[in-house]
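I opened this notebook to record what I looked up in the structure, topic by topic. I began with the character of a pocket lining.

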Amino acid sequence: MPLHFPRRTLATAAHLLPLLLLTACAQAPAENLPAPSSGAALSQPLIEPADAPAPSFAEWRQGLRSEALAAGIDGALFDRVFAGITPDPAVIKADSSQPEFTRPVWEYLDGAVSASRIGRGRVLLAQHHAVLKRIEQQYGVEGRVLVAIWGLESNFGSNIGSHSVIRSLATLAYDGRRQGFWRGQLLAALQILQNGDIGSDRMLGSWAGAMGQTQFMPTTYNQHAVDFDGDGRRDLWGSSTDALASAAHYLQASGWQPGQPWGFEVRLPAGFDYALADPEQRRSLAEWAELGVRPLLPSGVAASARANLSLPAGHRGPAFLLLDNFRSILKYNNSTAYALAIGLLADNLLRPTEVQGSWPRGERQLGRSERVELQELLAQNGFDPGPADGIIGANTRKAIRALQLQLNWPADGYPNEALLEQLRVR
């Protein structure tokens, strides 16, 4: 989905159970793997209400009904849609799950950019060439990028989810961890039904409400879904044309630059300052070249284009320069691994493209409890990693770099077992 999802050690939206690499949904470390349910970008979370005695579901539904009617939802539609709706225990379980172990980025990419997905994607790219060309002409997004999103989000439309979106969102809005956020998504879903784009019986998706072949969340659907096949409905479930064009519309709104790649693999010089591998360290390609950063293949991108350097597996793994379009993909699903998979899959749909750098496949990934411990120990030792939540975000990476510099280690900001052991013996 255009990830548009609350970021837990969560997108994004179909993304909380162990990764079924048939979909882009994945629960993973914050900057390594996709968020829980793939889904298109979500609006800003609503302010959560203060603690109060929990109402019964029937009482809660009645309050929601009043709010929905005030927002213009037809009362008869509301009553019909909510007839027989009860909270779904499976959704509550998925929402509260905190997997201890997650796939390292290279294992995620092995599945996301598999030979079978590349082969199927190439067939569909040729089969849908005419409509993809029309979509590119209108929105400026290349067809292979859209097919890559289609492949990761729903295995090219074959796995759109089997949960009732209304029931899932009602469950989360009533008993989830971010009830205000989910309530907004639920009201948006009711607006979709009232507009007549889909019937409630066909409004199926992930446990977290991500919908259709490109896994849009309801608020994103209302903003960016389009009727590109001209049948009068924005049907992301049954129309691949609408789904692909809607993804293109979303990327266009996210700043997509026509004709520019997402990024490319590079080689770093000996003695390189790995602390420069930071999303905030954006430089022109000419400036990166002056620092000795060299593309493995000609990129064809203007020297003035700006990019940041990424080491998704630390200094022992491959290095990439990431351009503006990578940031647009991140707005679809705020996961570095997801965006990297989209880029690599799209490249492979054009021609065979393998990552040349070696992944540190023998290195064990820290589990969630170990990442929490790492953050707690960083804080105890005078660094500031932010909340001890197990999510390795910008603040934690900055704290890790500070410790690595103190230890005279490569300051790549990458958490590993050796770093945790150093903190344990301090």
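**Entry 1: the largest pocket.** I sorted the lining of the largest pocket by residue type and obtained 16 nonpolar, seven polar and six charged residues. I note at the outset that the model is predicted. The lining comprises 29 residues. Those nearest the centre of the pocket are Trp262, Gly263, Phe264, Asp347 and Thr353. I then asked which elements give two or more residues to this lining. They are helix H7 (143–154), strand S3 (263–267) and helix H14 (336–350). H14 supplies the largest share, namely six residues. For the space in the largest pocket I recorded a volume of about 650 Å³.

**Entry 2: the nonpolar cores.** I next looked up the largest nonpolar core, which holds 90 residues. Within this core, the residues with the most contacts are Phe82, Ile135, Leu146, Ile166, Leu186, Leu190 and Met203. H14 again appears in my notes, as it gives 10 residues to this core, the most of any element. Another core lies apart from the largest one and has 17 residues, including Val266, Phe272, Ala277 and Ala307.

I chose Leu146 for a closer look. Which residues does Leu146 touch, once neighbours within four places in sequence are left aside? I listed Leu132, Ile135, Val141, Leu244, Ala247, Ala248 and Leu251.

**Entry 3: the sheet.** I traced an open sheet of five strands, ordered S4-S6-S7-S3-S5, with antiparallel pairing. Strand S4 (282–284) and strand S5 (294–295) are the edge strands; each has a single partner strand, so one side of each is left without a neighbour in the sheet.

I then followed strand S6 (residues 306–310) towards both of its partners. Three bridges connect S6 with strand S7 (residues 319–322), and the two run antiparallel. S4 and S6 are likewise joined by three bridges in the antiparallel sense. I wrote down individual pairs as well. Arg283 stands opposite Ala307 of S6, Asn308 faces Leu322 in S7, and Ser310 has Phe320 in S7 as its bridge partner. As for cover, four of the five residues of S6 are buried.

**Entry 4: Asn308.** I returned to Asn308, which lies in strand S6. Is Asn308 buried or exposed? Its relative accessibility is 6%, so I entered Asn308 as buried, the cut-off being under 20%. Leaving aside neighbours within four places in sequence, I found Asn308 in contact with Asp278, Pro279, Gln281, Arg282, Trp288, Phe320, Leu321, Leu322 and Arg327. Leu322, in this list, is also the residue opposite Asn308 in S7.

**Entry 5: Gly382.** I finally turned to a loop position. Gly382 sits in the loop between helix H15 (368–380) and helix H16 (394–407). I entered Gly382 as exposed because its relative accessible area is 65%, where exposed means over 50%. I also checked the separation of Gly382 from Ala399. In sequence the two are 17 residues apart, and in space their C-alpha atoms are 9.2 Å apart.

**Entry 6: recapitulation.** I noted two elements for reference. H14 gives six residues to the lining of the largest pocket and 10 to the largest nonpolar core. S6 pairs with S7 and with S4.

Definitions and conventions: Residues are numbered from 1 along each chain as its sequence is written. This is a predicted model: local features need pLDDT of at least 70, side-chain atom pairs count only at pLDDT 80 or more; totals for chains, interfaces and linings use all residues. Side-chain values use heavy atoms; hydrogens and water are left out. Two strands pair if DSSP finds at least two bridges between them. On a 1 Å grid over the protein atoms alone, a cavity is a set of points where a 1.4 Å probe fits but cannot get out, and a pocket is an open set with protein on both sides within 12 Å along at least five of seven lines; lining residues have an atom within 4 Å of a point. Grid points are joined across faces, edges and corners, and a volume is the space filled by probe spheres set on the points. Ala, Val, Leu, Ile, Met, Phe, Trp, Tyr, Cys and Pro count as nonpolar, Asp, Glu, Lys and Arg as charged, and the others, Gly among them, as polar. A nonpolar core is a set of buried Ala, Val, Leu, Ile, Met, Phe, Trp, Tyr and Cys residues joined through side-chain atoms within 4.5 Å. Buried means under 20% relative accessible area, exposed over 50%, partly exposed in between (1.4 Å probe, protein chains only). Contact means heavy atoms within 4.5 Å.
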